[in-house]
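Biologist: I would like a close look at a single part of this protein, with enough of its surroundings to see where that part belongs. Please take your time over the answer.

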Amino acid sequence: MESDKVPLTMAGAVPLYEQYESLTPTFPVARVVSRLLSSVPVEYLRGLQSIVLTDSTRASAKKLRVSGRTIREKHCLAFYHVATPKRSAWIELFVDNIVAEWPSWAIRLSLLRDVVLAKTLFHEIGHHIEASVRGRRPDDAERYAEIWVKKLSRGYFRKRYWYLIPLILPLSYAWTRIRRSSYNKEPSPTPTHSDVLFSDPRSTQRTK
Ligand SMILES: [Zn+2]
């Protein structure tokens, strides 16, 4: 997928592409994703052909079942496209849906941009680690992906934001409040979210 085009950047060993149809990002998304990826051990990215940053206009209105919920493809945050005999695995992030969950002022803060993108990106990389690197497809793949979000986030945030470690508890509390107040102002037509920091059934994996 996308191998005929020139990648925007190489994030570690993985080519990163930006292909938006109706979105003009208000911050350098590729730079954030690239920085997050550089914290992931290279062996976990083995076999990952590319990461594509795009918007949900490229997705269809088809319905999917994810973690017991029905959701339209165009409302998803991201997909992990499992490798097939014809192509390697790749990741697709719908940046408009990812940032739409947060107030615009929050996205101006570097820390929050990192958190917002990390939770979806690392979830999809978690699917890749399980499916391609470890060669297993557990029934509760979503739960495993969330475990990887925590592991990979811990490494990244400890290194980049070490000076905030004493503030983790108050920041987590503020973070939950920001998300809740954002939902209250603009109720989403999509399924409700968990209040758990790194849990969202809308980032999932696809087998076709
Ligand atoms: Zn998932």
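In β6, which residues point one way from the strand and which the other way, and are they buried or exposed?

Modeller: Please keep in mind throughout that this is a predicted model. In β6, Ala78 and Tyr80 point one way, while Phe79 and His81 point the other way, and all of them are buried. The strand has a partner in β7, to which β6 is joined by four bridges, with the two strands running antiparallel. Within that pairing, phenylalanine 79 stands opposite glutamate 92 of β7.

To see where β6 belongs, it helps to turn to the nonpolar core. The largest such core holds 37 residues, and the members that touch the most others are Val33, Leu93, Leu121 and Ile125. Strand β6 (78–81) is one of the elements that supply at least two residues each to this core, and so are β2 (14–19), α1, β3 (48–54), β7 (89–94), α2 (95–100), α4 (110–133) and α5. The largest share, seven residues, comes from α4.

As for the chain around this core, its secondary structure comes to six helices and eight strands, and from the N terminus the elements follow the order β-β-α-β-β-β-β-β-α-α-α-α-α-β. Of the 208 residues, 31% count as buried. Among the contacts between residues at least 6 apart in sequence, 65% join residues that are at least 24 apart.

Several of the other contributors to the core can be followed in more detail, beginning with β2, α1 and β3, which together make a left-handed β-α-β unit. The two strands of this unit, β2 and β3, pair in the parallel sense over four bridges, and glutamine 19 has threonine 54 in β3 as its bridge partner. In the helix of the unit, α1 (residues 29–37), the buried residues are Val29, Val33, Leu36 and Leu37. Seen down the axis of α1, these buried residues fall within an arc of 100°, and they therefore line one face of the helix. Val33 thus appears twice in this account, being buried in α1 and also named among the core members that touch the most others.

The loop between α1 and β3 holds serine 39, which brings us to α5. Serine 39 counts as partly exposed because 17 other C-beta atoms lie within 10 Å. Leaving aside residues up to four places away in sequence, serine 39 touches Gly155, Tyr156 and Lys159. The C-alpha atoms of serine 39 and phenylalanine 157 are separated by 9.5 Å, although the two residues are 118 apart along the chain. Helix α5 (residues 141–160) itself has 20 residues and reaches 28 Å from its first C-alpha to its last, close to the 28 Å expected at 1.5 Å a residue. The buried residues in α5 include polar as well as nonpolar names, for Glu142, Ala145, Glu146, Trp148, Val149, Leu152 and Ser153 are buried there.

Glu142 also leads to another part of the chain, since the C-alpha atoms of valine 66 and glutamate 142 are separated by 8.6 Å, with their positions 76 residues apart along the chain. Valine 66 lies in strand β4 (residues 63–66), and with 17 C-beta neighbours inside 10 Å it counts as partly exposed. Strand β4 is joined by four bridges to strand β5 (residues 69–72), and the two run antiparallel. In β5, arginine 69 is the bridge partner of valine 66. The two strands form a hairpin with two residues between them, and serine 67, in the turn, has a positive phi of about 50°.

A last position to examine is serine 104, which lies in helix α3 (residues 104–107). Serine 104 is exposed, with 10 other C-beta atoms within 10 Å. The C-alpha atoms of serine 104 and threonine 26 are separated by 9.3 Å, and these residues are 78 apart along the chain.

Technical notes:
Residues numbered from 1 in each chain as written. Predicted model: local features only at pLDDT ≥ 70, side-chain atom pairs only at ≥ 80, totals over all residues. Buried ≥ 20, exposed ≤ 12 C-beta atoms within 10 Å, placed from the backbone. Arc of directions from axis to C-beta. Expected span 1.5 Å × (residues − 1). Core = buried A, V, L, I, M, F, W, Y, C linked by C-beta atoms within 7 Å. Contact = placed C-beta atoms within 7 Å. Pairing = 2+ DSSP bridges. Right-handed = clockwise from strand over helix to strand, strands pointing away.
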